[in-house]
Amino acid sequence: LLPTIKSRSLIMKFNGVEDALIEDRLKYICNERNISIVEGGLAALASKSDGGVRDSIKNLEYLALKCKR
């Protein structure tokens with residue numbers, strides 16, 4: 001970054017969300033939308049997201065659409 005831009009920027013670092021919390025949220029979404037998933041599937045999605053809730057939800061939606069076809 002250019003020094004003039006960097007001096008006017010705010011750098012925010014966020015900690016990732018724990019896998020167990022992401023898994024709970026994905027389980028809630030699956031129950032609300034009647035999505036069935038194999039045992040361990042939500043844990044795999046949670047661990048692959050590296051603490052990102054949006055990433056895990058996006059991946060769940062992608063898989064739900066792909067498996068629906």
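This report describes burial, contacts, charges and surface patches in one predicted model.

Residues are numbered from 1 along each chain as its sequence is written, and side-chain values use heavy atoms, with hydrogens and water left out. Because the model is predicted, local features need pLDDT of at least 70 and side-chain atom pairs count only at pLDDT 80 or more, whereas totals for chains, interfaces and linings use all residues.

## Terms for place and exposure

Helices (H or I, at least four residues) and strands (E, at least two) are DSSP runs, numbered from the N terminus. Buried means under 20% relative accessible area, exposed means over 50%, and partly exposed lies in between (1.4 Å probe, protein chains only). Accessible areas come from the Shrake-Rupley method with a 1.4 Å probe; for residues, only the protein chains shown count as cover. Contact means heavy atoms within 4.5 Å.

## Buried residues and their contacts

Ile22 is found in helix H2, which spans residues 19-32. With a relative accessible area of 1%, Ile22 is buried. Leaving aside neighbours within four places in sequence, Ile22 is in contact with Val17, Ala46, Ser49, Gly51, Gly52, Val53 and Ser56. The C-alpha atoms of Ile22 and Leu42 are separated by 8.5 Å, and these two residues are 20 residues apart along the chain.

Ser56 is found in helix H4, and its relative accessibility of 0% makes Ser56 buried. Outside four places in sequence, the contacts of Ser56 are Ile22, Leu26, Leu45 and Ser49.

Ser49 sits in the loop between helix H3 (41-48) and helix H4 (53-68). Ser49 counts as buried, at 4% relative accessibility. With neighbours within four places in sequence again left aside, Ser49 is in contact with Ile22, Asp55 and Ser56. Ile22 and Ser56 are thus joined by contact to Ser49, and Ser56 is also listed among the contacts of Ile22.

## The salt bridge

A salt bridge is a side-chain nitrogen of Lys or Arg within 4 Å of a carboxyl oxygen of Asp or Glu. How many does a search of the whole structure find? The search finds 1 salt bridge. The side chains of Glu61 and Arg33 meet in a salt bridge, with an N to O distance of 3.6 Å. Glu61 lies in helix H4 and Arg33 in the loop between H2 and H3, so the pair ties together parts that are 28 residues apart in sequence. From C-alpha to C-alpha, Glu61 and Arg33 are 10 Å apart in space. Glu61 is partly exposed at 38% relative accessibility, while Arg33 is exposed, with a relative accessible area of 53%.

## Loop residues with positive phi

Two loop residues are set out in the table below.

| Residue | Place | Phi | Relative accessible area |
|---|---|---|---|
| Asn34 | loop between H2 and H3 | near 55° | 72%, exposed |
| Asp50 | loop between H3 and H4 | near 55° | 69%, exposed |

For Asn34, the phi value is positive in a residue other than glycine. The phi value of Asp50 is likewise positive in a residue other than glycine.

## Surface patches

Patches are made of residues with over 30% relative accessible area and no salt bridge; like charges are joined within 9 Å, and nonpolar side chains (Val, Leu, Ile, Met, Phe, Trp, Tyr) within 5 Å. Lys and Arg count as positive and Asp and Glu as negative, while His and the chain ends are not counted. The place of a charge is taken as NZ of Lys, CZ of Arg, CG of Asp or CD of Glu.

Which residues form the negative surface patch? Glu18, Asp19, Asp50 and Asp55 form it. Asp19 belongs to helix H2 and is partly exposed, with a relative accessible area of 33%. Asp50, in the loop between H3 and H4, is exposed at 69% relative accessibility. Asp55 is also in contact with the buried Ser49.

A nonpolar patch on the surface is formed by Leu1, Leu2 and Ile5, which together have about 350 Å² of accessible area. Ile5 is placed in helix H1 (residues 3-6). The relative accessible area of Ile5 is 42%, so Ile5 is partly exposed.
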